[in-house]
Amino acid sequence: MANAQSSSPLLSDATKAGYTLTELLVVLLILGLLAAALTPITIDQMNRAKARAAKLQMEGLASALALFVADVGRAPTDQEGLNALVVQPLGAEAWAGPYVRAADRLIDPWNRRYVLTTPGANGATFSIKSLGADGIDGGKGANADLEVS
């Protein structure tokens, strides 16, 4: 009998060392529910951050364009576009750029080029626009267009 009692505690210690399948499934279920609840919130925060970054980048580009206009005496043409801030356009002898360090600054957080319109909206010299997450004119939320004049 002594042998039976001494081997019994060894078996019970071995079974207590791990988790049961039910416990693992419950933990996985809880993790799945947390992921399902937090994913939309995280995606929404990322989209808001991209929109804020795009707005800041466009304001910087607008400042650079204002310097370009002050130096050259005109806004870049539609053909020249925002590249006129990086590379001197033909016929712009008073160009004192580059006004932007690199061409990659002309791309929005969704990896699309900013759109320059001259003349801009409401009588402005120019407008800079990002088409948002969807890349299509119009939209709401993350797909909303962003514009700076």
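Two strands are taken as paired if DSSP finds at least two bridges between them, and strands themselves (E, at least two residues), like helices (H or I, at least four residues), are DSSP runs numbered from the N terminus. By that rule β2 pairs with strand β3 (residues 146-148) through three bridges, the two running antiparallel. The structure is a predicted model, in which local features need pLDDT of at least 70 and side-chain atom pairs count only at pLDDT 80 or more, while totals for chains, interfaces and linings use all residues. Residues are numbered from 1 along each chain as its sequence is written, and side-chain values use heavy atoms, with hydrogens and water left out.

**Overall layout**

The protein chain holds two helices and three strands, which follow one another from the N terminus as α-α-β-β-β. Of its 149 residues, 25% are buried, where buried means under 20% relative accessible area, exposed means over 50%, and partly exposed lies in between (1.4 Å probe, protein chains only). Among contacts between residues at least 6 apart in sequence, 38% join residues at least 24 apart, a contact being heavy atoms within 4.5 Å.

**The sheet and the helix across it**

The three strands form an open, antiparallel sheet in the order β1-β2-β3. β1 and β3 stand at the edges and each has a single partner strand, so one side of each is left without a neighbour in the sheet. From one strand to the next the twist averages 20°, with axes fitted as lines to C-alpha atoms (for helices over the stretch in contact) and angles running from 0 to 180 degrees between N-to-C directions.

Strand β1 (residues 115-117) is joined to β2 by three bridges, again antiparallel, and Leu 116 stands opposite Ile 128 of β2. Towards β3, Lys 129 has Glu 147 as its bridge partner. In a regular strand the side chains alternate between the two faces of the sheet. In β2 (residues 127-130), Ser 127 and Lys 129 point one way whereas Ile 128 and Ser 130 point the other way, and all are buried.

Helix α2 (residues 21-72) lies across β1, β2 and β3, and runs at about 25° to β3. Leu 56 belongs to this helix and counts as exposed because its relative accessibility is 61%. The C-alpha atom of Leu 56 is 9.7 Å from that of Val 148, although the two residues are 92 apart along the chain.

**Backbone features in the loops**

Most residues other than glycine have a negative phi, and most peptide bonds are trans. The table collects the local departures from that pattern.

| Feature | Angle | Place |
|---|---|---|
| Cis peptide bond, Gly 97 to Pro 98 | omega near 10° | Pro 98: loop between α2 and β1 |
| Cis peptide bond, Thr 118 to Pro 119 | omega about -10° | Pro 119: loop between β1 and β2 |
| Positive phi, Asn 111 | phi near 65° | Asn 111: loop between α2 and β1 |

Asn 111 counts as exposed because its relative accessibility is 67%. Pro 119 is exposed as well, with a relative accessible area of 61%. Leaving aside neighbours within four places in sequence, Pro 119 is in contact with Ala 124, Thr 125 and Phe 126. Pro 119 and Ser 149, which are 30 residues apart in sequence, are 9.6 Å apart in space from C-alpha to C-alpha.

**The largest pocket**

On a 1 Å grid over the protein atoms alone, a pocket is an open set of points where a 1.4 Å probe fits, with protein on both sides within 12 Å along at least five of seven lines, and its lining residues have an atom within 4 Å of a point. The largest pocket has about 160 Å³ of space, the volume being that filled by probe spheres set on the points, which are joined across faces, edges and corners. Its lining consists of Gln 57, Gly 60, Leu 61, Ala 64, Tyr 99, Val 100, Arg 101 and Arg 105. By class, this lining has four nonpolar, two polar and two charged residues, with Ala, Val, Leu, Ile, Met, Phe, Trp, Tyr, Cys and Pro counted as nonpolar, Asp, Glu, Lys and Arg as charged, and the others, Gly among them, as polar.
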